[in-house]
Amino acid sequence: MRARAGEPLPEVETVRPTSFEEVRALLRSGRRVVPAGGGSGVCGAVRAEPGDVVLDLGGLDGVEIDEADLLVRAQAGVNGMELERRLNQRGLTLGHFPSSLPVATVGGLVSTRSSGQESTRHGSVEDMLLGLTVALPDGSLAEARAVPRSAAGPALHHLFCGAEGGLGVILEAVLRVHRQPEAVIGRGWRLDGVDAGLEACREAMQRALRPLVMRLYDPEDSMLQGEAQGCLLVAAAAGPRPVAQAEAEVLASVVEAAGGEPLGEQPWERWLRHRFDLSAERLRDLLEPSGSYLDTIEVAATWAGLPPLYRAVKGRLAGTAQLVLCHFSHASAQGACAYFTFAGSAPDEAAAEAAYRAAWRGAMEATLASGATISHHHGVGRVRAPWIRAEMKGWFPVWEAVRRALDPDGRMNPGAVGGSGGSAA
């Protein structure tokens, strides 16, 4: 939006190292560093300022696959889709499919504490993460260990998962991988409303089912998916064929007991074809018309909290935007993510930015008032910075103390997790 309004981007130096030692040397130089991955983030965490050095980690692209132990050691600049392709060639999968996967890198996926479309089965990135190799702000190295679990002190590598480059530079990750499933059985159902759909999802997850994918769309988003009435639920079971078939049958019985009308395989097949359509690049393409604004906001709550959260956030967004959609995904036995898309237009760029900011402010205030979390998997960056202290409460001073201890001179990404970039967007 700012580029469309003619605002120039700050002039910053970009370097693209191809070795860990080059990264360490840059950190020892004393420059302020903003680590950058594929550019798929939507929260402004990597917006550099004059004098900063943007550390383009795309040159760190090494991959080592351990088929016997189902591990992969991937450097920070490895493209997510390319990593998945290389795993698939060996009958394996990471099982991590954010819609940004064609653009995102391993370092970015870890730094934002991301979650993917198959998280109901495989978990989010922190569940896959066994170790990290990190260059600390003084240039020293903390190396990954590839062990299944350790109780030798706290799992300190998890400090960097979600830190948005504020504590150091992620150089490589050791991640769990899985064998590709023998069978995937996907279907769709129509439910009367959001509450009925959420109840079906809750029951499925609390029955200890592990769907590969489970996504519920509200009535407006269901229309965009091709369903003119009610709420569309798309779900799939996976695994050895007998297991997938059995789980698909139980899943169907749960949804249909909640009033779900079977729609067959077509909704699932359509979702597969379009699963990566809405990415940061696509959002930028849609923002070409002057005065337009569009973004996504993902929040999360327990099952009991989701219906009121949905109504509160959608109501606040509808007060400023002309289009508001929502789907629910990333379910667990305890709750799920509510993922909103909002869009609108205004007479000029100033009015568009004011409406955009008002939409974010309304969504964040409604989320905090509901006792939910303001981010499920996109991270904090600059856009959520004004609300991160209210979210973290007594844990925010802990974060600040950790950051000061590792980076006393404030040389790592200033826009990370509310850092020194405390203004919205």
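This tour visits one pocket and one helix pair in a predicted model.

**Stop 1: the second largest pocket**

Start by selecting T112, R113, C161, G162 and S375, the lining residues that lie nearest the centre of the second largest pocket. The full lining has 36 residues, and the space inside is about 900 Å³.

Next, colour the elements that give two or more residues to this lining: α4 (119–122), α5 (125–128), α13 (385–392) and α14 (395–406). Which of them gives the most? Select α14, which contributes four residues.

Then colour the lining by residue class. Polar residues number 16 and nonpolar residues 15, while five residues are charged.

**Stop 2: helices α6 and α11**

Leave the pocket and select residues 194–206, which form helix α6, together with residues 306–318, which form helix α11. Two packed helices are described by the angle between their axes and by the distance between those axes. Here the angle is about 140° and the axes are 10 Å apart. Is this pair parallel or oblique? Angles over 145 degrees count as roughly antiparallel and those from 65 to 115 as roughly perpendicular, so α6 and α11 are oblique to each other. Their crossing is right-handed.

Now show the side chains at the contact. From α6, select V194, D195 and L198; from α11, select L306, P307, Y310 and R311. By class, this contact between α6 and α11 has five nonpolar residues, two charged residues and no polar ones.

Conventions: Residues numbered from 1 in each chain as written. Predicted model: local features only at pLDDT ≥ 70, side-chain atom pairs only at ≥ 80, totals over all residues. Heavy atoms only, no water. 1 Å grid on protein atoms, 1.4 Å probe; cavity = no way out; pocket = protein on both sides within 12 Å on 5 of 7 lines; lining within 4 Å. Points joined across faces, edges and corners; volume = space filled by probe spheres on them. Nonpolar A, V, L, I, M, F, W, Y, C, P; charged D, E, K, R; others polar. Axes fitted to C-alpha atoms, helices over the stretch in contact; angles between N-to-C directions. Parallel < 35°, antiparallel > 145°, perpendicular 65-115°, else oblique. Left-handed = near helix turned anticlockwise from the far one by under 90°. Contact = heavy atoms within 4.5 Å.
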